[in-house]
Amino acid sequence: MPLNRRRFVELAGGGAALAALAACEGPLAPESAATGRRLELLLDEPATIDPALVAQPHEATVAEALFEPLVRVGEGGVSHPAAAESWQITDAGHAYQFKLSASGRWTSGEAVSSDDFVWSWRRNLAPELGATFNYLLFPIRGAESYAGGGRNRNEPEIRAPDTSTLRVHLERPTPGLLARVGTTTFVPLPRAEIEGTGASWTDPIRIRSNGPYKLAQWDRGLGMTLHRNPHYGGPTPPVFSDVVIRFPRSADSRLQDFHASPAHAASVSGADYRSALGNPDLRPQVRLFERAGTWFIVFNTRKAPWDMVAVRRALSLALDREALTAAVFDRPTLPAQRLTPESVLAAEPGGAPNVDEARALLASAGFRNGAGLPPLRFTYHRTDQWDRLAAELARVWDDTLGVVVQPDVREWRDFLDFSNAPGDFDAYRAGWTSEFRHPSNWLDELWRSDVDFFRTGWGNTAFDQHLTTAAATTDQEAQRAAYLSADAVLEAETPAIAIGRHASAFLLKPDVTGFGIEPVSGAIDLARVELGG
């Protein structure tokens with residue numbers, strides 16, 4: 001089981017300078033002649049805004065404002081028209097045809113064509129580019145071979161029969177294909193600028209984009225300004241005339257900069273997050289927003305007594321996730337009642353902890369008050385955070401159920417080797433972060449019986465049948481219903497216990513009345529930001 005993709009991704013974990021920051025208010029952010037309001041943000045400076053290379057939320061915030069994909073993706077992986085006004089799925093799910101919207105325009109005023117998508121997707125597959133998530137294109141026939149390089153590689157089956165039609169053929173039906181298409185790996189890119197100027201194509205004087213905003217200015221080390229794209233005719237018109245993004249003066253000045261500047265919102269993590277929570281003036285302004293990732297505990301369902309659903313359910317019901325999250329995590333984290341994030345599949349959230357029911361379940365399995373139950377060996381790698389988790393699990397399960405936890409602490413490299421081939425284990429710490437906003441990225445790719453990504457040994461015929469039903473339909477609502485049924489089976493069987501949900505933290509000024517992020521990339525969703533007054 002290779003350590004791949006985002007399996008163990010962990011979210012991060014002056015007077016003269018103030019004068020310079022204030023001075024940038026003039027040239028950095030001139031008022032737009034267009035009507036509308038200005039939004040000001042305090043974010044780290046992007047290392048890149050190339051949509052194929054962005055990897056951090058502050059980079060994605062800019063890339064997703066500048067570029068429009070074929071579809072926008074909502075909860076449950078349901079896709080909505082964006083650069084494409086419609087699409088058809090044919091050949092039993094092997095072929096997709098997108099009809100581009102006639103209103104699609106580059107910031108230069110030229111029409112966006114299907115050839116722009118064909119060239120961009122092939123460019124992002126090229127091995128020499130090193131696109132961050134090029135593997136999201138691999139369901140397309142020939143794409144993985146093309147990305148592998150070599151003289152005999154196949155051309156990916158991405159075609160433009162006319163300027164407004166895009167056709168792709170897949171290796172096999174892929175339920176989450178539309179959700180993949182909604183990521184920045186699939187946006188159209190300006191071929192002439194990229195081929196003509198190389199990496200500098202993202203400079204404000206060169207860049208063309210097709211999204212709600214255009215890049216007007218980028219003062220390195222100070223900030224950048226986005227203006228409303230006057231040629232944009234898509235479904236998410238820009239709310240603001242200008243979006244000004246200021247960069248912190250230094251690594252440890254973010255909180256001071258937020259307080260002293262007109263920024264409406266600032267991202268915080270690490271020491272800044274902990275300092276903000278400890279500051280009585282700033283703490284009320286801290287808000288957490290769900291990211292599509294979960295920390296959880298995986299069981300060995302091949303091994304008694306952890307093969308018993310009643311035992312696993314009892315351990316889950318005994319946990320108060322809010323208290324556990326508060327005790328364990330010093331990074332932005334929300335309680336998680338379910339394995340699949342709500343932003344990916346909004347199922348019933350699950351009930352509060354129920355110690356009485358947990359005790360009854362354990363007794364029904366033959367282990368009243370924990371009598372006769374062997375110690376639970378809990379494997380994890382050594383950090384302060386996971387030490388705290390092991391200690392809390394030991395305390396809570398002993399106090400409520402009489403279950404003894406035996407810590408099995410590994411160094412990081414040893415833990416990686418263990419997680420790839422866990423062998424004889426009881427339970428271990430694991431996690432997953434979405435690669436695209438669709439339940440297939442969780443239910444199909446992690447828990448299907450013939451996948452068993454975490455080597456739990458768990459399998460369920462009804463669960464697999466629901467996934468088969470989801471894969472067989474092209475109706476998005478019917479597919480979502482099938483995934484909800486599968487998710488209900490997963491939660492009832494409990495091969496793993498959800499602990500915490502990944503989150504992003506922001507400081508918001510009082511006049512920010514609406515705010516949201518894209519849960520996979522972590523980008524600020526500018527269309528959801530509202531300012532009062």
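This passage walks through selected strands, helix pairs and backbone details of a predicted model.

A good place to begin is the four-stranded sheet in the earlier part of the chain. Here 4 strands form an open sheet in the order E4-E5-E7-E6, and the pairing is antiparallel. Its edges are strand E4 (84-90) and strand E6 (158-162), each of which pairs on one side only. From one strand to the next, the twist averages 20 degrees. Strands E4 and E5 (residues 95-100) run antiparallel and are joined by 6 bridges; within this pairing, Ala-84 has Leu-100 of E5 as its bridge partner. A helix accompanies the sheet: H4 (residues 114-125) lies across E5, E6 and strand E7 (165-169), and runs at about 165 degrees to E6.

The loop between E4 and E5 holds a residue worth a closer look, Asp-91. Most residues other than glycine have a negative phi, and most peptide bonds are trans. Asp-91, although not a glycine, has a positive phi of about 55 degrees. With a relative accessibility of 47%, Asp-91 counts as partly exposed.

Further along the chain comes a run of strands centred on E9. Strand E8 (residues 213-219) and E9 run antiparallel, with 6 bridges between them, and Tyr-213 stands opposite Arg-228 in E9. The hairpin of E8 and E9 has 3 residues between the strands, and in this hairpin Gly-221 takes a positive phi near 85 degrees. Strand E9 also runs antiparallel to strand E10 (residues 240-246), to which 5 bridges join it. In that pairing, Met-224 stands opposite Ile-245 in E10. How much of E9 is buried? Of the 6 residues of strand E9 (residues 223-228), 5 are buried, so the strand is largely enclosed by the rest of the structure.

Strand E16 offers another view of an enclosed strand. All of its residues fall below the cut-off for burial: 7 of the 7 residues of E16 (residues 427-433) are buried, so E16 is largely enclosed by the rest of the structure. In a regular strand the side chains alternate between the two faces of the sheet. Both faces of E16 are covered, with Ala-427, Arg-429, Gly-431 and Thr-433 buried on one side and Tyr-428, Ala-430 and Trp-432 buried on the other. The strand has partners of two kinds. With strand E12 (residues 286-299), E16 pairs in the antiparallel sense over 7 bridges, and Ile-297 stands opposite Arg-429 in E16. With strand E14 (residues 376-381), E16 pairs in the parallel sense over 2 bridges; here Phe-378 has Ala-427 of E16 as its bridge partner.

After E12, the loop leading to H10 contains Pro-305. The peptide bond from Ala-304 to Pro-305 is cis, with omega near 0 degrees.

Two helix pairs can then be set side by side. Two packed helices are described by the angle between their axes and the distance between the axes. Helix H10 (residues 309-317) and helix H12 (residues 355-364) pack at an angle of about 160 degrees, their axes 8 Å apart. The two helices are therefore roughly antiparallel to each other, and their crossing is left-handed. On the H10 side, Ala-310, Val-311, Arg-313, Ala-314 and Leu-317 meet Val-355, Glu-357, Ala-358, Leu-361, Leu-362 and Ser-364 in H12. By class, this contact has 8 nonpolar, 1 polar and 2 charged residues.

In the second pair, helix H11 (residues 321-328) and helix H13 (residues 384-401) pack at an angle of about 140 degrees, with axes 9 Å apart. H11 and H13 are therefore oblique to each other, and they cross in a right-handed manner. Leu-324, Ala-327 and Val-328 of H11 meet Gln-385, Arg-388, Leu-389 and Glu-392 of H13. Sorted by class, the contact has 4 nonpolar, 1 polar and 2 charged residues.

One last backbone detail concerns Thr-494, in the loop between helix H17 (476-493) and strand E17 (496-508). Phi of Thr-494 is near 55 degrees, a positive value in a residue other than glycine. Is Thr-494 buried or exposed? Thr-494 has a relative accessible area of 4% and is therefore buried.

Terms used. Residues numbered from 1 in each chain as written. Predicted model: local features only at pLDDT ≥ 70, side-chain atom pairs only at ≥ 80, totals over all residues. Heavy atoms only, no water. Axes fitted to C-alpha atoms, helices over the stretch in contact; angles between N-to-C directions. Parallel < 35°, antiparallel > 145°, perpendicular 65-115°, else oblique. Left-handed = near helix turned anticlockwise from the far one by under 90°. Contact = heavy atoms within 4.5 Å. Nonpolar A, V, L, I, M, F, W, Y, C, P; charged D, E, K, R; others polar. Buried < 20%, exposed > 50% of the residue type's maximum accessible area, 1.4 Å probe, protein only. Pairing = 2+ DSSP bridges.
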